[in-house]
Amino acid sequence: MTITSPSRQRADLHRPRFHLTPEATWMNDPNGLVVIDGTWHAFFQNNPHGSTWGNMSWGHAISDDLATWTRLPVALPCSETELIFSGSIVHDAENTSGLGAPGADGPLVAFYTSAYTPSHPTTPGIQAQSVAFSQDRGASWTFYENNPVLTRDSENFRDPKVFFHPESQRWVMVTVEALDHCVHLHTSVDLLTWEPASTFTHPALDGGIWECPDLVRVQVPGDESAAAREAWVLVLSTNPGGPAGGSGTYTLVGEFDGRRFTSDAAPQPLDLGPDCYAAVSFSGVDGDPVLLGWMNNWAYAEQTPTAPWRSAMTLPRTLHLEPGADGALDVVQHLIIPEGIPTLDLEMPSAPAELATVDAGQPFRLRGVLSTEVPSRVVLRFRSELGTRQLVLEVDEDGGVVLDRGDASLDSFAAEHPRSVPYRPQAARSEVAFDLVVDRSCVDLELDGGRALVSQQIFPGAETVTVLVEAAS
Ligand code: FRU
């Protein structure tokens, strides 16, 4: 018989099934996302010794299907003098770094930020980019002996994302000077020696510090007026200054020539909810980028009611571009939804109605269409012996679609961040399709065929949930 403490039972009321969570510790940003030999690796910022931020190291989990995850031991542990901050992994198939075993397939090379602690003998407080490598497909890791590989003697230079640019035959590293609102690009032929290539800033993103940049290549489908082409998307997180308050992630569509990223586009939120930060893409994916975000917000991340484990990742999402109004390109994303989740296809009634009751302890999915002309609400009423709570998907007076979690948690939670940013279709439209996944404390919503995604945490701790359609109040 297993005896579980009451606090543990309560905590696991909230644990999702298909969203990656740490076993019993703290997690923040996804790191080193890479798919190799059909296995998806998610490393992540982890405190191996606690439920709040600290002792930053890289945790590790793997998945065959991006739905169920197997946790592995900590991959890159911190030391007295060095915290292991966020970064990325590439497969160095040609062994350009020379870090591979002789005669073997090329190594995995991890880039992370060395955040040197006050007790570091020579560079206390400095953040610089360092390397670790694996000759066994990520099972074990060795720190490179000549770290760091790139320093600017700065205290806020971090979050290296590395990719290969075949046209220039160079590796590219994207980093931030967090306080300066500046992305730095460096290039390399061997992953170990880096030369400055360019910098990028954008005046519209001035609400907070910049973190966790990524630069992804996206194919743009052609239509009658334009041939197919490609564009680049800079994905960037800001804290605060996020779309829904607190921390959040933006995209900027532009061009990249191997050295310089340029954009005259306006930033678009990656997510209209409060809980998607530090989102970055998997390396090793052919085709449209696949991203994972941290499903939390620095405004309240350490207060989520789930200790000893704390934080989840969002569901993965693919990122696409579609020609929009005025020749601009719109970011469109699709949730990668685990197969087999019980799905309710809602026929929206013309009068208020109770549509279904399902088990709230299991993941479920709701699909339907909201009228933007008749203000209405889909209410998910969560019930348990501890109380009744509700999550509301509604159309506001201006025809904007909003997800409101203001009353969706047992205890007061994130009171200042109850609602997502309203989604308003660009072209006047009388209906907006929704696809909503609820996996206990993790809610992912895709609106209007992917023109908006919303990530929200809720903590209703419920046994059942009743789905109602109500007239707007
Ligand atoms: C973003 C971030 C990164 C940093 C890491 C430290 O959430 O602040 O900039 O590398 O978290 O845990």
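These legends accompany four close-up views of the structure above. It is a predicted model, in which local features need pLDDT of at least 70, side-chain atom pairs count only at pLDDT 80 or more, and totals for chains, interfaces and linings use all residues. Residues are numbered from 1 along each chain as its sequence is written, and side-chain values use heavy atoms, with hydrogens and water left out.

**View 1. Here is the ligand with the residues around it.** The surrounding residues (a heavy atom within 4 Å of the molecule) are Asn-28, Asp-29, Gln-45, Trp-53, Met-56, Phe-85, Ser-86, Arg-158, Asp-159, Glu-211, Tyr-277 and Trp-298. Sorted by class, this shell holds five nonpolar, three polar and four charged residues; Ala, Val, Leu, Ile, Met, Phe, Trp, Tyr, Cys and Pro count as nonpolar, Asp, Glu, Lys and Arg as charged, and the others, Gly among them, as polar. At least two shell residues come from each of strand 1 (26-36), strand 5 (82-91) and strand 10 (157-165). Strands are DSSP runs of E, at least two residues in length, numbered from the N terminus.

**View 2. Now look at the ligand's oxygen atoms beside three side chains.** A ligand oxygen is 2.6 Å from an N or O atom in the side chain of Asp-159. For the side chain of Glu-211, the corresponding distance is 2.8 Å, and for that of Trp-53 it is 2.9 Å. On its own the ligand exposes 320 Å², and the protein buries 95% of that (Shrake-Rupley method, 1.4 Å probe).

**View 3. This view shows an open sheet of four strands.** The strand order is 10-11-12-13, and the pairing is antiparallel; two strands pair if DSSP finds at least two bridges between them. Strand 10 and strand 13 (195-200) are at the edges with a single partner strand each, so one side of each has no neighbour in the sheet. From one strand to the next, the twist averages 25°, using axes fitted to C-alpha atoms and angles from 0 to 180 degrees between N-to-C directions. Five bridges join strand 12 (residues 182-188) to strand 13 in the antiparallel sense, and His-186 has Pro-196 in strand 13 as its bridge partner.

**View 4. Finally, meet the salt bridge between Glu-177 and Arg-152**. Their closest N and O atoms are 2.5 Å apart. The pair links distant parts of the chain, with Glu-177 in strand 11 (residues 170-177) and Arg-152 in strand 9 (residues 150-154), 25 residues apart. The whole structure has 22 salt bridges (a side-chain nitrogen of Lys or Arg within 4 Å of a carboxyl oxygen of Asp or Glu).

Notes. Polar contact = N/O pair within 3.5 Å; in protein donor to acceptor, adjacent residues only side chain to side chain.
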